Amino acid sequence: DGPYETRIPHQLNFIEAVKAHKDPAVPVEIGHSSCTVCNLGNIACALKRTVKWNPQTETFVDDTDGAATKLMHYEYRAGYKLV
């Protein structure tokens with residue numbers, strides 16, 4: 001039980017909110033920060049080391065070799081791009 005718990009799956013709620021031009025049950029900023037934490041954990045596991053994150057700038061701290069930053073983005077398949 002919590003302020004953002006619903007009986008409807010979050011993905012379905014999001015799609016319904018987009019179609020209805022309404023806000024979803026969970027603010028998108030909460031979803032963004034939740035996904036970011038998961039991605040940071042995956043990056044730390046892939047690198048087998050601790051990573052430091054600055055949430056204000058959404059950048060890695062002391063990422064001297066750039067390995068963590070590189071894992072935040074990937075090449076899209078031909079014909080797809082982020083705009």
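Reader: Which residues line the second largest pocket?
Author: Happy to start there, with the reminder that this is a predicted model. The lining of this pocket divides into 5 nonpolar residues, 1 polar and no charged. By name, the second largest pocket is lined by Leu71, Met72, His73, Tyr74, Tyr76 and Leu82.

Reader: How much space lies in the second largest pocket?
Author: Rolling a probe the size of a water molecule over the atoms shows where empty space is left. For the second largest pocket, that space comes to about 200 Å³.

Reader: And what volume does the largest pocket have?
Author: Its lining is made up of 14 residues, and those closest to the pocket's centre are Thr36, Asn39, Trp53, Met72 and His73. Met72 and His73 also belong to the lining of the second largest pocket. The volume of the largest pocket is about 230 Å³.

Reader: How do the residues of the lining of the largest pocket divide into nonpolar, polar and charged?
Author: Let's start with where they come from: helix 2 (28-47), strand 2 (59-61) and helix 3 (67-71) each give two or more residues to this lining. Sorted by character, the lining residues are 6 nonpolar, 7 polar and 1 charged.

Reader: Which element gives the most to the lining of the largest pocket?
Author: Good thing to ask, since several elements take part. Strand 2 and helix 3 are among those that give two or more residues. The top contributor, with 6 residues, is helix 2.

Reader: How far does helix 2 reach from its first C-alpha to its last?
Author: Helix 2 has 20 residues, and at 1.5 Å a residue a span of 28 Å is expected. The model comes close to that expectation, with a reach of 28 Å.

Reader: Within what arc do the buried residues of helix 2 fall?
Author: The residues in question are Thr36, Leu40, Ile43 and Ala44, each buried. They line one face of the helix, because seen down its axis they fall within an arc of 95°.

Reader: Which residues are exposed on the other side of helix 2?
Author: The buried residues of helix 2 pack against strand 1 (52-54), strand 2 and helix 3. Turn to the other side, and the exposed residues are Asn42, Cys45 and Ala46.

Reader: What is the phi of Lys48, the residue that follows helix 2?
Author: Lys48 sits in the loop between helix 2 and strand 1. With a relative accessible area of 74%, Lys48 is exposed. Although Lys48 is a residue other than glycine, its phi is positive, near 55°.

Reader: Is Asp62 buried or exposed?
Author: Asp62 is found in the loop between strand 2 and helix 3. Its phi is positive, near 60°, in a residue other than glycine. Exposed means over 50% relative accessible area. At 56% relative accessibility, Asp62 therefore counts as exposed.

Reader: Which residues is Val61 in contact with, leaving aside its neighbours within four places in sequence?
Author: Val61 lies in strand 2, and with a relative accessible area of 35% it is partly exposed. Its C-alpha atom is separated by 7.7 Å from that of Val51, 10 residues apart along the chain. Beyond its sequence neighbours, Val61 is in contact with Lys52, Trp53 and Asn54.

Reader: Which residues does Asn13 touch, not counting those up to four places away in sequence?
Author: Asn13 has its place in helix 1 (residues 10-20). Buried means under 20% relative accessible area, so Asn13, at 15%, is buried. Outside that stretch of sequence, Asn13 touches Ile8, Pro24, Ala25 and Val26.

Reader: How many Å separate the C-alpha atoms of His10 and Gln56?
Author: His10 is in helix 1 and is partly exposed, at 39% relative accessible area. Leaving aside its neighbours within four places in sequence, His10 is in contact with Tyr4 and Val26. Gln56 is 46 residues apart from His10 along the chain, and the two C-alpha atoms are separated by 26 Å.

Reader: What distance separates the C-alpha atoms of Thr57 and Pro27?
Author: Thr57 lies in the loop between strand 1 and strand 2. At 47% relative accessibility, Thr57 counts as partly exposed. Thr57 and Pro27 are 30 residues apart along the chain, and their C-alpha atoms are separated by 20 Å.

Terms used
Residues numbered from 1 in each chain as written. Predicted model: local features only at pLDDT ≥ 70, side-chain atom pairs only at ≥ 80, totals over all residues. Heavy atoms only, no water. 1 Å grid on protein atoms, 1.4 Å probe; cavity = no way out; pocket = protein on both sides within 12 Å on 5 of 7 lines; lining within 4 Å. Points joined across faces, edges and corners; volume = space filled by probe spheres on them. Helix = DSSP H or I, 4+ residues; strand = E, 2+ residues; numbered from the N terminus. Nonpolar A, V, L, I, M, F, W, Y, C, P; charged D, E, K, R; others polar. Expected span 1.5 Å × (residues − 1). Buried < 20%, exposed > 50% of the residue type's maximum accessible area, 1.4 Å probe, protein only. Arc of directions from axis to C-beta. Contact = heavy atoms within 4.5 Å.
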